[in-house]
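Ready to explore a protein model by working through a few short exercises? Have the sequence and the 3D view open, and try each task before you read its solution.

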Amino acid sequence: MAAKASAGILLYRRTPELQVLLGRLGGPFWAAKRDRNWSIPKGELEPDESAEHAARREFLEELGLPVPAGNLLDLGSVKQSGGKTVRAFALEAELEPAAAVLGTFELEWPPRSGRRQQFAELAEVAWLPVDLARRRLITAQQQLLDRLIEAIAAGS
């Protein structure tokens with residue numbers, strides 16, 4: 001079976017310093033973790049769906065807000081430890097995290113209990129300065145910060 005592919009959008013702003021909008025992963029597996037459990041808003045591509053379309057759709061599904069206007073910058077793909085490939089796009093924009101209406105998913109919890117519960121896909125959303133974001137992000141997604149910084153320095 002082929003590894004799954006996801007796509008997402010990394011919002012950033014430069015006031016007063018470079019910050020990125022990330023979400024802390026929801027659900028019981030991540031509840032006690034503090035670092036390496038944040039991610040860009042992202043999700044799996046549907047069959048025959050472009051990465052950009054999936055990134056925009058998932059942003060809306062996970063945050064309950066449309067993608068702000070602007071041109072997306074392709075940051076390329078990273079491969080996460082579980083084998084999933086994540087294609088990311090960056091966008092300079094403002095967004096108020098408190099306005100987000102976080103999406104949910106259903107999971108049998110506790111395992112093999114027969115009980116299904118709803119959990120937030122993202123437990124919280126926040127603007128983080130790049131140094132803190134680097135500590136909090138899932139390891140593979142840290143590369144996206146480096147690519148964003150390089151693109152900004154190059155004037156993209």
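## Exercise 1: A residue in helix α3

**Task.** Decide whether Ala153 is buried or exposed, and say where Ala153 is placed.

**Solution.**
- Step 1. The relative accessible area of Ala153 is 70%. The cut-off for exposed is over 50%, so Ala153 is exposed.
- Step 2. Keep in mind that this is a predicted model.
- Step 3. Ala153 has its place in helix α3.
- Step 4. Between the C-alpha atoms of Ala153 and Tyr12 there are 14 Å, while along the chain these residues are 141 residues apart.

## Exercise 2: The span of a helix

**Task.** Check whether the distance between the end C-alpha atoms of helix α3 agrees or disagrees with its expected span. Then find which residues of α3 are buried.

**Solution.**
- Step 1. Helix α3 covers residues 142-153, which is 12 residues.
- Step 2. The expected span is 1.5 Å times one less than the number of residues, so α3 should span 16 Å.
- Step 3. The end C-alpha atoms of α3 are 17 Å apart, which agrees.
- Step 4. Buried in α3 are Gln142, Leu144, Leu145, Leu148 and Ala151. Their cover includes the strands β1, β2, β5 and β6 as well as helix α2.
- Step 5. After α3 comes Gly155, with a positive phi near 85 degrees.

## Exercise 3: A pair of rings

**Task.** Classify the aromatic pair formed by Phe105 and Phe119.

**Solution.**
- Step 1. Searching the whole structure gives 1 aromatic pair.
- Step 2. The ring centres of Phe105 and Phe119 are 5.9 Å apart, with planes at 35 degrees. Planes under 30 degrees apart would count as stacked and over 60 as edge-to-face, so this pair is tilted.
- Step 3. Phe105 belongs to strand β7 and Phe119 to strand β8, and the two are 14 residues apart.
- Step 4. Phe105 is partly exposed at 27% relative accessible area, whereas Phe119 is buried at 15%.

## Exercise 4: Bridges across the chain and along a helix

**Task.** Find which parts of the chain the salt bridge of Arg24 and Glu124 ties together, then look at the salt bridges of Arg56 and Arg57.

**Solution.**
- Step 1. Side chains of opposite charge can pair when their charged atoms come close. The count for this model is 11 salt bridges.
- Step 2. In the bridge between Arg24 and Glu124, the closest N and O atoms are 2.8 Å apart. Arg24 is in strand β2 and Glu124 in strand β9, so parts 100 residues apart in sequence are tied together.
- Step 3. Arg24 is buried, at 19%, and Glu124 is partly exposed, at 33%.
- Step 4. Arg56 pairs with Glu52 at 3.2 Å. Both residues lie in helix α1, about one turn apart.
- Step 5. Arg57 pairs with Glu61 at 3.3 Å, and these two also lie in helix α1, 4 residues apart. Shared partners join Glu49, Arg57, Glu58 and Glu61 into one network of salt bridges.

## Exercise 5: A buried Glu in a loop

**Task.** Describe the surroundings of Glu49: where is Glu49 found, and what does its side chain reach?

**Solution.**
- Step 1. Glu49 sits in the loop between β4 and α1.
- Step 2. The relative accessibility of Glu49 is 14%; buried means under 20%, so Glu49 counts as buried.
- Step 3. Its side chain reaches the backbone nitrogen of Glu46 at 2.8 Å and makes a polar contact with the side chain of His53 at 2.7 Å.
- Step 4. Leaving out residues up to four places away in sequence, Glu49 touches Glu44, Ala54 and Arg57.

Key: Residues numbered from 1 in each chain as written. Predicted model: local features only at pLDDT ≥ 70, side-chain atom pairs only at ≥ 80, totals over all residues. Heavy atoms only, no water. Buried < 20%, exposed > 50% of the residue type's maximum accessible area, 1.4 Å probe, protein only. Polar contact = N/O pair within 3.5 Å; in protein donor to acceptor, adjacent residues only side chain to side chain. Contact = heavy atoms within 4.5 Å. Phe/Tyr/Trp six-rings, centres within 6.5 Å; stacked < 30°, edge-to-face > 60°. Salt bridge = Lys/Arg side-chain N within 4 Å of Asp/Glu carboxyl O.
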